[in-house]
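Colleague: Hi! Could you walk me through this one while I have it open on my screen?

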Amino acid sequence: MTVPPSASRPSPAPDPLRDPWIAPMRQALGEAARAPGTGDVPVGAVVLSADGTVLGTGHNAREATGDPTAHAEILALRAAARTLRERAALPESAGGGGRRAGDWRLTDCTLVVTLEPCTMCAGAIVLSRVDRVVYGARDAKAGAAGSLWDVVRDRRLNHRPEVITGVLEADCAALLTDFFRDR
């Protein structure tokens, strides 16, 4: 059996200058690392504006809060919507304006998350009108952005964000593997 040349050498390290999702995924990994302190599964998420500004972050907090909906993605989407609402209330001279007060749509935003979203989070992503989802590790048991289901790209829905997968996948998967191995 011959080994293809590409398989005989390690793949190059990700280049942050060529891949704009590396730095935000590292931030999401930082968020994820906060979750095990409360017994929560280490998943982290970051919502970015079109210019790359962080609008909201979150990490799993179901155990910490007793809230079954406290997934990293939901918390980050809520924080981003709150940030946009607060900005809309500011005068244009102070960086506000551009959106109507009370507008809940996260158009032009990107959600970066360490684990493929579940069906609940995928539904929230579609309903929030996020333009893009970037995730690290696939979730073969509950993933709803291509693995088990593909809710975010279902043609029957009125919004279908772009999906980018596998960003820092090994790092994201290792965090989860270590957490569950220690349990």
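Modeller: Happy to. Let's start with a hairpin: β1 and β2 form it, with five residues between the two strands. In the turn, G52 has a positive phi of about 90 degrees. Keep in mind that this is a predicted model.

Colleague: Sure. How many bridges join β1 to β2, and do they run parallel or antiparallel?

Modeller: Five bridges join them, and the two strands run antiparallel. One pair you can look for is A45, which stands opposite G58 in β2.

Colleague: And what about β1 and β3, how many bridges are there?

Modeller: Four bridges join β1, residues 44–48, to β3, residues 110–115, and these strands run antiparallel. On the β3 side, V47 has L111 as its bridge partner, while L48 has T110.

Colleague: Is β1 mostly covered or mostly open?

Modeller: Mostly covered: five of its five residues are buried. That goes for both faces, with G44, V46 and L48 on one side and A45 and V47 on the other.

Colleague: Let me zoom out. What order do the strands take in the sheet?

Modeller: The order is β2-β1-β3-β4-β5, in an open sheet of five strands with mixed pairing. At the edges are β2 (54–59) and β5 (162–164), each of which pairs on one side only. On average, neighbouring strands of this sheet are turned by 15 degrees against each other, ignoring direction.

Colleague: Which strands does helix α2 touch?

Modeller: Helix α2, residues 22–32, packs on the sheet and touches β1, β2, β3 and β4 (132–137). Its direction makes about 140 degrees with that of β1.

Colleague: Back to β2 for a moment. I've clicked on G56, so is that residue buried or exposed?

Modeller: G56, which lies in strand β2, is buried, with a relative accessible area of 5%.

Colleague: What does G56 touch?

Modeller: Leaving out residues up to four places away in sequence, G56 touches A45, V46, V47, A76, A79 and A80. Of these, A45, V46 and V47 are themselves buried residues of β1.

Colleague: How far is the C-alpha of G56 from that of L111?

Modeller: The two C-alpha atoms are separated by 9.3 Å, and the residues are 55 apart along the chain. L111 is the residue we met earlier as the bridge partner of V47.

Colleague: Nice. Changing topic: which residues of helix α5 are buried?

Modeller: In α5, residues 119–128, the buried ones are C121, A122, I125, V126 and S128.

Colleague: And what covers them?

Modeller: The cover includes α4 (72–89), β3 and β4.

Colleague: What sort of phi does R129 take, just after α5?

Modeller: A positive one, about 70 degrees, although R129 is not a glycine. You'll find R129 in the loop between α5 and β4.

Colleague: D108 also caught my eye. What is its phi?

Modeller: D108 has a positive phi of about 70 degrees, and it is not a glycine either. Its place is in the loop between α4 and β3.

Colleague: Why does D108 count as partly exposed?

Modeller: Because its relative accessibility is 46%, and partly exposed covers the range between the 20% limit for buried and the 50% limit for exposed.

Colleague: Now pockets. What volume does the largest one have?

Modeller: About 320 Å³. It is lined by 17 residues, and the closest to its centre are V41, V43, L115, D139 and A142.

Colleague: How does that lining split by class?

Modeller: There are nine nonpolar, two polar and six charged residues in the lining.

Colleague: Last bit, the overall picture. How many helices and strands does the chain have?

Modeller: Six helices and five strands. Reading from the N terminus, the elements run α-α-β-β-α-α-β-α-β-β-α.

Colleague: What share of the chain is buried?

Modeller: Buried residues make up 41% of the 183 residues.

Colleague: And among contacts between residues at least 6 apart in sequence, what share join residues at least 24 apart?

Modeller: That share is 57% in this chain. If you want one place to go back to, try β1: it has five bridges to β2, four to β3, and helix α2 touching it as well.

Colleague: Great, thanks, I'll go back and look there.

Terms used
Residues numbered from 1 in each chain as written. Predicted model: local features only at pLDDT ≥ 70, side-chain atom pairs only at ≥ 80, totals over all residues. Heavy atoms only, no water. Pairing = 2+ DSSP bridges. Axes fitted to C-alpha atoms, helices over the stretch in contact; angles between N-to-C directions. Contact = heavy atoms within 4.5 Å. 1 Å grid on protein atoms, 1.4 Å probe; cavity = no way out; pocket = protein on both sides within 12 Å on 5 of 7 lines; lining within 4 Å. Points joined across faces, edges and corners; volume = space filled by probe spheres on them. Nonpolar A, V, L, I, M, F, W, Y, C, P; charged D, E, K, R; others polar. Buried < 20%, exposed > 50% of the residue type's maximum accessible area, 1.4 Å probe, protein only.
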